[in-house]
Amino acid sequence: MSKPQAPPEAAPARESVAKAEQSLYASVLAIRDRHELERLGIAFYDAETTLQWSYNADAVFHAASTMKLAVLLAVFRQFTRGELTLDEPVHVRNKFVSIHDRKPYMLELNRDNEGEVYERLGRTMSVEQLAYHMITSSSNFATNLLVDAVGVPVIQTALEEMKIEGLKVLRGVEDHAAFEAGLNNEVTANGLLKLLRLIAEGRAYGEEASARMREILLDQRFKGGIPAGLPEAARVAHKSGNISTVHHDAGIVYLEGRKPYVLVVLTQFPNEAGVTTAVADVSRDIYECLAGMDGG
Amino acid sequence: MAETESESGLKIVDGFDLEPELRALLRPGELVEGIGGQCHHLPRYFYEVPTREAAREIRLTAHFGLNEFLLVDMKEASRVRAFPRYVPCAIRMTAFYLERLREATGAPVHLAVNGGYRSPAHKLSVAATPHMWGTAADVYKIGSVVLRDRASIETYNRVVEDLTDDLYVMPYGHGIGTADDHIHVDLGYVVVVPREISEDRLDRPQDRPRFAFEERRRGDRRGWPREPLPDILPAAAHTGSSESKK
């Protein structure tokens, strides 16, 4: 667990931070045990107090859909550099190539999950529309189309340019041949925290690109992770990631009257977990801890 | 610059007269090698499509608009996507055969994005594909049937084969030279050269050529009176092409 960082001149604040850290650590261990988590990774940064806290934040997890944050970053990299415009048309075609054996594969499309992207099959959607659906409804179809459009090397270049460590994007989603061969996208809590801090602070390819990314992330439809542990008035720009044994969420939390904080919670279960509230529980604890500090 | 007014304001342009950037992308008259090692000259004469609106309005046949053959995504070079756009003159022939396919199936025939004309700069133009000649079409949907399985693709491939020997159809499959989410039809490496153009010309400006058949079609569509045919032809020939189709 990393040491909290507090202004050196504020001794009472240091004391408060130390108490908060101890409290968080205890509650996180309790959550881990209560939910029988195999692994848990947390990274947190609060712009209001400058408190930074983490637990197992460099542990590598299967990325699931949190890799879509890296794709979003790469799209806006290309946009900022003038290498694509957000209204460029992309053919909505369900045919992709596995990175493992170079064989074509198709996604198992579901009208309910893919919504508008499914409806556009055979036609075109703009880069911006695809980016929106990739994040807000976690469309795998939109994600793979964008991965094809910008290219995996560009995604990795974007991460390197932003000096984001711990994120590895090799491929799009549902590439089962690659999965069987162990070729997976990976994340760490610290890596995602860095990425979201850049977006929150307007440093991800400039303020305009960052603002547009924040707007998309704020429209997230799935509210089961970080937002579920917060008061209703909280606004969260976030992206979750769920597969059978991992449930993640990574987001920027906006609360009235204070600067935002960034929270990443990565959870892994020994077996298929079904619905779990582990991420929401961590989110609630963090919020209550901060509320206590704000109140003090 | 060698160009001629065509119907609906379309100009026919010699690719050699295009600006350097476009010429580099369209590579008029250049030799291109196919997957099998055969080499073919790329088309040199193009229709100039001035605007998006013009592309939407211009009908190549009763049911096929020019815009359907120009629908591409970001895999196409951005300059090629910008208007004015250029499409090989053979595109009319492709539309003619697709119209026949539509008649045979009795249902609308939908071209896929990137399924009509692709310039040599298009990312899917890895070898001499007839798409670069404007003589190929990828159809992803016929009527309400989305072509993405063996049964539907092979069924419609057979319809095409029964229709004409002029069209090549790509067999169902997942590899190169096969198709699994559309039917591919093409006329091969057909190049249309305007009647008045002399192909030995390299840099000499042309006169203003025009397709004679365009005049006739334009007259048909606009209901203009046609000159009577000579009496030496059978009476049926005097009824006009539209009636004879019925």
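**Exercise 1. Contacts in chain B**

What share of the contacts in chain B with a separation of 6 or more comes from residues 24 or more positions apart? Work from the predicted model.

*Solution.* Take the contacts in chain B with a separation of 6 or more; residues 24 or more positions apart account for 64% of them. Next, list the secondary structure. Chain B has 7 helices and 11 strands. Then turn to burial. Of its 246 residues, 35% count as buried.

**Exercise 2. Backbone outliers**

Find the peptide bond at Phe83(B) and Pro84(B), then assign its geometry and place.

*Solution.* Start with omega. For the bond joining Phe83(B) and Pro84(B), omega is about 0°. The bond is cis. Now locate Pro84(B). It sits in the loop between α3 (78-81) and β6 (85-88) of chain B. For context, most peptide bonds are trans, and most residues other than glycine have a negative phi.

**Exercise 3. Two positive phi values**

Is Tyr205(A) buried or exposed? Is Asn114(B) buried or exposed? Give phi and the loop for each residue.

*Solution.* Take Tyr205(A) first. Its phi is positive, about 60°, although Tyr205(A) is not a glycine. It lies in the loop between α9 (189-200) and α10 (206-218) of chain A. Count neighbours: 24 other C-beta atoms lie within 10 Å of Tyr205(A). The cut-off for buried is 20 or more. Tyr205(A) is therefore buried.

Now Asn114(B). Its phi is near 65°, again positive in a residue other than glycine. The loop runs between β7 (109-111) and β8 (136-142) of chain B. The count is 23 other C-beta atoms within 10 Å, so Asn114(B) is buried.

**Exercise 4. A helix residue in chain B**

Classify Arg158(B) by burial, and place it relative to Ser144(B).

*Solution.* Arg158(B) belongs to helix α5 (residues 150-163) of chain B. It has 11 other C-beta atoms within 10 Å. Exposed means 12 or fewer. Arg158(B) is therefore exposed. Finally, the distance: the C-alpha atoms of Arg158(B) and Ser144(B) are 18 Å apart, with these positions 14 residues apart along the chain.

**Exercise 5. The two sides of α7(A)**

Which residues of helix α7 (residues 152-161) of chain A are buried, and why do they line one face?

*Solution.* List the buried residues: Val154(A), Ile155(A), Ala158(A) and Leu159(A). Look down the axis of α7(A). The buried residues fall within an arc of 140°, so they line one face of the helix. Check the other side. There, Pro153(A), Glu160(A) and Glu161(A) are exposed. Identify the cover: it includes α2 (67-80) and α6 (140-150) of chain A. Last, look past the helix. Lys163(A) follows α7(A), with a positive phi near 55°.

**Exercise 6. Domains and the chain interface**

Describe how the domains of chain A meet, then how chain A meets chain B.

*Solution.* Set the bounds. Domain 1 of chain A is 1-59 + 188-296, and domain 2 is 66-161. Their centres, over C-alpha atoms, are 26 Å apart. The contact takes 18 residues from domain 1 and 15 from domain 2. On the domain 1 side, α9, α10, β9 (235-243) and β10 (246-254) each supply at least two residues. The largest share, 6 residues, comes from α10(A). By class, this side has 10 nonpolar, 4 polar and 4 charged residues.

Now the chains. 13 residues of chain A contact 10 residues of chain B. Strand β4 (residues 89-91) gives the most on the chain A side, with 3 residues. That side divides into 5 nonpolar, 4 polar and 4 charged residues.

How values were computed:
Residues numbered from 1 in each chain as written. Chains lettered and ligands numbered in written order. Predicted model: local features only at pLDDT ≥ 70, side-chain atom pairs only at ≥ 80, totals over all residues. Contact = placed C-beta atoms within 7 Å. Helix = DSSP H or I, 4+ residues; strand = E, 2+ residues; numbered from the N terminus. Nonpolar A, V, L, I, M, F, W, Y, C, P; charged D, E, K, R; others polar. Arc of directions from axis to C-beta. Domains from an automatic or database assignment.
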